[in-house]
Amino acid sequence: MHPARPARALIRALGRADYEPVFAAMRAFTDARTPETPDELWIVEHPPVFTLGLGADRGHLLAGPGVPAHEIPVVQTDRGGEVTYHGPGQAVIYLLMDLRRNKPGGKLYARQFVEKIEQAVIDVLAAYNLGGERVAGAPGIYIAAGPRRGAKIAALGLKVRGNGCTYHGVSLNVAMDLAPFSWINPCGYSGLSTVDMRTMGVEVPLPDVQEALAQALAQQLAPL
């Protein structure tokens, strides 16, 4: 039986860490958790890596003219979605949550969960005077106005187990080498432009954005 008023999620800063060990740790945490296990948010920065969702088409990993030879690893994951890129200068937060706790009388549904994550990103961007918006049928957050309108600045991909426990999470581009995004069809969309906060004129230290996003997520996902 779940506690009546579970605590807000614990926030853990993992620093810079390779993708695969963190992926394994997320699964192990979720395997081992009980109804009493506190939810956690893991802040991490990854070295360059392409990750594939469960239904990802490897054809979205581009090759040929315009794609230089590179040694960026490709990792198959168990999240939803297509291919994405993680790299230095990106705020990645993994959400190790039990959705059954977060709504009176029942669980928080996956669509509501996604909306809360997206709202946290929109709120953080707004704090830096950047407008972000949702696009129907395309999870993530996109630039809302100006010449870069429609460019993707944040991505999300989740695993929701049958028992309502989640892992994987959200990534917000802060100050990155954006070139590897042009070597894939991000999230399966050909020609999708990807930007970061620096491209949009906001110079801010990565730790500041990591902390702001973690706090915004913790607030959005606090038990009701």
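Which residue just after α2 takes a positive phi? In this predicted model, that residue is Asn-129, with a phi of about 60°. Asn-129 is not a glycine, and its place is in the loop between α2 and β7. With a relative accessible area of 74%, Asn-129 is exposed, the cut-off for that class being over 50%.

A positive phi also occurs in His-168, a residue other than glycine, where the angle is near 65°. His-168, however, lies in strand β10. Its relative accessibility is 1%, so His-168 counts as buried, whereas Asn-129 is exposed.

As to the overall fold, the chain contains three helices and 10 strands. Along the sequence these elements are arranged in the pattern β-α-β-β-β-β-β-α-β-β-β-β-α. The chain has 224 residues, of which 49% count as buried. When contacts between residues at least 6 apart in sequence are considered, 73% of them join residues at least 24 apart.

Helix α2 comprises 18 residues, for which a rise of 1.5 Å a residue predicts a span of 26 Å; the end C-alpha atoms are 26 Å apart, so the expected and modelled values agree. The buried residues of this helix are Phe-113, Val-114, Ile-117, Glu-118, Ala-120, Val-121, Ile-122, Val-124 and Leu-125. Strands β6, β7 (132-135), β8, β9 and β10, together with helix α3, form the surroundings against which the buried residues of α2 pack.

The largest nonpolar core consists of 39 residues. Within this core, the residues with the most contacts are Leu-95, Ile-153, Val-170, Leu-172, Met-197, Leu-213 and Leu-217. At least two core residues are supplied by each of β2 (40-45), β6 (90-96), α2 (110-127), β8 (138-143), β9 (152-160), β10 (166-173) and α3 (206-220). Helix α2 provides the largest share, namely eight residues. A second core, separate from this one, has 14 residues and includes Phe-23, Met-26, Val-75 and Tyr-94.

The surroundings of Leu-213 illustrate the packing in the largest core. Apart from neighbours within four places in sequence, Leu-213 is in contact with Ala-91, Ile-93, Ala-120, Val-121, Val-124, Val-170 and Leu-172. Of these partners, Ala-120, Val-121 and Val-124 are among the buried residues of α2.

Strand β10 also contains Asn-173. This residue has a relative accessible area of 3% and is therefore buried, the limit for burial being under 20%. Outside the four places on either side in sequence, the contacts of Asn-173 are with Gly-89, Gln-90, Lys-152, Ile-153, Phe-181, Thr-194, Val-195, Asp-196 and Met-197. Two of these partners, Ile-153 and Met-197, are listed among the residues with the most contacts inside the largest core. Between the C-alpha atoms of Asn-173 and Val-209 the separation is 9.6 Å, although the two residues are 36 residues apart along the chain.

The largest pocket holds about 360 Å³ of space. Its lining is made up of 28 residues, and those nearest the centre are Arg-79, Gly-80, Gly-81, Leu-156 and Gly-157. Two or more lining residues come from each of β5 (83-86), β6, α2, β8, β9 and β10. Strand β9 contributes the largest share of the lining, with five residues. By residue class, the lining comprises 15 nonpolar, nine polar and four charged residues.

Methods:
Residues are numbered from 1 along each chain as its sequence is written. This is a predicted model: local features need pLDDT of at least 70, side-chain atom pairs count only at pLDDT 80 or more; totals for chains, interfaces and linings use all residues. Side-chain values use heavy atoms; hydrogens and water are left out. A nonpolar core is a set of buried Ala, Val, Leu, Ile, Met, Phe, Trp, Tyr and Cys residues joined through side-chain atoms within 4.5 Å. Buried means under 20% relative accessible area, exposed over 50%, partly exposed in between (1.4 Å probe, protein chains only). Helices (H or I, at least four residues) and strands (E, at least two) are DSSP runs, numbered from the N terminus. Contact means heavy atoms within 4.5 Å. On a 1 Å grid over the protein atoms alone, a cavity is a set of points where a 1.4 Å probe fits but cannot get out, and a pocket is an open set with protein on both sides within 12 Å along at least five of seven lines; lining residues have an atom within 4 Å of a point. Grid points are joined across faces, edges and corners, and a volume is the space filled by probe spheres set on the points. Ala, Val, Leu, Ile, Met, Phe, Trp, Tyr, Cys and Pro count as nonpolar, Asp, Glu, Lys and Arg as charged, and the others, Gly among them, as polar. The expected span of a helix is 1.5 Å times one less than its number of residues.
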